[in-house]
Amino acid sequence: MSEDEEKVKLRRFEPAIQKFIKIVIPTDLERLRKHQINIEKYQRCRIWDKLHEEHINAGRTVQQLRSNIREMEKLCLKVRKDDLGLLKRMIDPVKEAASAATAEFLQLHLESVEELKKQFNEEETLLQPPLTRSVTVGGNVLNLILEHSNADN
């Protein structure tokens, strides 16, 4: 039996593929879009804990999106060669949309991480007490007072 004889006509998998194309992948893409909106909002408002949580959830959505694309591709491997042209025309637009959305998210994620590092460094700088002459002078004054009080005893 040849390899193509083991494969089936597109008609058999079309309902499952249509479900991926019209429901599963668009749902993942919409969820990812909402995560991106929230990430931008939380970053703008400096709500760091929510931003971190949103990054984690968005990463999970990207993983789910990739997993769903792989599942759809597994179905495609079971389709006969003579149906591959039609199948390719069906799935390529959704695969391209998923790829673009994933790339856009990864770029946003990278920019957000860089912004967080920048914010963290700025806040660390502001929280560190400045080492100025007045602190040193204050310390010397305190030593002089202590020496003077010890000399009186």
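**Five helices and the contacts between them**

Hi everyone. Let me start with how the chain folds back on itself: among contacts in the protein chain between residues at least 6 apart in sequence, 80% join residues at least 24 apart. Please keep in mind that this is a predicted model.

What is the secondary structure made of? The protein chain has five helices and zero strands, so if you read along the sequence you get the pattern α-α-α-α-α, given how helices and strands are assigned here. The chain has 153 residues, and buried residues account for 27% of them. Its accessible surface is about 11,100 Å², with carbon and sulfur atoms supplying 55% of that area.

Now to the inside. In soluble globular proteins, nonpolar side chains tend to be buried together. Here, the largest nonpolar core has 28 residues. Which of them touch the most other members? Those are Ile17, Ile21, Ile25, Met72, Leu87 and Ile91. The elements giving two or more residues to this core are α2, α3 and α4, and α2 gives the most, with 10 residues.

Let's zoom in on methionine 72, one of those well-connected members. If we set aside its neighbours within four places in sequence, methionine 72 contacts Phe20, Ile21, Ile91, Val94 and Lys95. Two of the names there, Ile21 and Ile91, you have just heard in the core list.

Keep Lys95 in mind, as we move on to charges. Side chains of opposite charge can pair when their charged atoms come close. How many salt bridges does a search of the whole structure find? The search finds six, and I'd like to walk you through some of them.

Lysine 95 forms a salt bridge with glutamate 73, and their closest N and O atoms are 2.9 Å apart. This pair links distant parts of the chain, with glutamate 73 in helix α3 and lysine 95 in helix α4, 22 residues apart. Glutamate 73 is partly exposed at 31% relative accessibility, and lysine 95 is partly exposed too, at 27%.

Next, a pair that sits in loops. Aspartate 82 and lysine 9 meet through their side chains in a salt bridge, 3.9 Å from N to O. That value falls inside the 4 Å cut-off, which is why the pair counts. Where do the partners sit? Aspartate 82 is in the loop between α3 (48-77) and α4 (84-127), and lysine 9 is in the loop between α1 (3-6) and α2 (10-45). They are 73 residues apart, so this is again a link between distant parts of the chain. Aspartate 82 counts as exposed at 54% relative accessibility, while lysine 9 is partly exposed at 34%.

For a local example, look at helix α2. Arginine 33 and glutamate 30 form a salt bridge there, 2.6 Å from N to O. They are three residues apart in the helix, so about one helical turn separates them. Arginine 33 has a relative accessible area of 41% and is partly exposed; glutamate 30, at 31%, is partly exposed as well.

Last stop, the cysteines. A disulfide is a covalent bond between the sulfur atoms of two cysteines. This structure holds zero disulfides. Is cysteine 76 buried or exposed? Cysteine 76 is buried, at 10% relative accessibility, whereas cysteine 45 is partly exposed, at 49%.

That's my tour, thanks for listening!

Conventions
Residues numbered from 1 in each chain as written. Predicted model: local features only at pLDDT ≥ 70, side-chain atom pairs only at ≥ 80, totals over all residues. Heavy atoms only, no water. Helix = DSSP H or I, 4+ residues; strand = E, 2+ residues; numbered from the N terminus. Buried < 20%, exposed > 50% of the residue type's maximum accessible area, 1.4 Å probe, protein only. Contact = heavy atoms within 4.5 Å. Areas by Shrake-Rupley, 256 points an atom, 1.4 Å probe, with all protein chains shown as cover. Core = buried A, V, L, I, M, F, W, Y, C linked by side-chain atoms within 4.5 Å. Disulfide = S-S within 2.5 Å.
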